[in-house]
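User: I am new to reading protein models, and I would like to learn how the words used for them are justified. Could we go through the reasoning step by step?

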Amino acid sequence: PKPFTKRMVLRGKVRSAVADIPQNVDPDIGHVIRNAFLAFGDGASDARLVKAGVWIGGGKYSIFQGPWTPRLPAVFVSYDADKTFDVQVEVDLDKQLATATIDGLKFTQPLEPGLRRITHYGCWVLNTSSQFSELEVEGE
């Protein structure tokens with residue numbers, strides 16, 4: 001498919017596939033690792049992808065670019081961790097902004113300089129299993 005060079009909207013539903021039970025708790029962080037993100041970028045490598053979604057076990061929503069680090073920007077929220085989340089991310093390549101709307105809560109994160117086209121999009125998780133609906137995408 002032709003790359004997106006102006007804007008893109010990516011949406012889908014996400015949920016954890018891991019039970020929140022004591023034997024699944026990661027002792028380093030004190031909770032079960034559960035996350036689900038929509039990802040996009042100019043290439044498929046982790047370093048080139050922007051991720052927008054839910055740190056389900058950690059109680060926060062986030063948009064970040066490149067590999068995971070412990071100090072990523074996040075919006076802390078309360079929710080039922082076993083629910084299905086509606087995730088939409090709107091990307092404006094001219095303004096270099098990504099805006100996520102997760103279950104009605106909207107937040108924006110600037111993109112790192114240099115993302116001029118989107119050639120790849122899909123699902124992303126870190127050290128867990130999650131379920132994703134079929135993704136919807138539109139743009140130009």
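Analyst: Helices (H or I, at least four residues) and strands (E, at least two) are DSSP runs, numbered from the N terminus. By that definition the protein chain reads β-β-β-β-β-β-β-β-β-β-β-β-β along its sequence, which amounts to 13 strands and zero helices. Please keep in mind that this is a predicted model, in which local features need pLDDT of at least 70 and side-chain atom pairs count only at pLDDT 80 or more, while totals for chains, interfaces and linings use all residues. Residues are numbered from 1 along each chain as its sequence is written, and side-chain values use heavy atoms, with hydrogens and water left out.

User: What makes the protein chain as compact as a globular protein of that length?

Analyst: The globule rule is 2.2 Å times the number of residues to the power 0.38, and the radius of gyration is taken over C-alpha atoms. For 140 residues the rule gives 14 Å, and the protein chain has a radius of gyration of 15 Å, which is close to that value, so the chain is as compact as a globular protein of that length.

User: Why is Gln 96 called buried?

Analyst: Buried means under 20% relative accessible area, exposed over 50%, and partly exposed in between (1.4 Å probe, protein chains only). Gln 96 has a relative accessible area of 11%, so it is buried. Gln 96 belongs to the loop between β8 (85-92) and β9, and its phi is near 60 degrees, a positive value in a residue other than glycine.

User: Why does Arg 116 count as exposed, and which residues is it in contact with?

Analyst: The relative accessibility of Arg 116 is 53%, and therefore it counts as exposed. Contact means heavy atoms within 4.5 Å, and, leaving aside neighbours within four places in sequence, Arg 116 is in contact with Phe 4, Thr 5, Leu 93 and Gln 96. Arg 116 is found in the loop between β10 and β11 (120-124).

User: How do you know that β9 and β10 pair?

Analyst: Two strands pair if DSSP finds at least two bridges between them. Strand β9 (residues 97-102) and strand β10 (residues 105-110) have six bridges, in the antiparallel sense, and so they satisfy that definition. Thr 101 stands opposite Lys 106 in β10, and in the hairpin of these strands, with two residues between them, Asp 103 takes a positive phi near 50 degrees.
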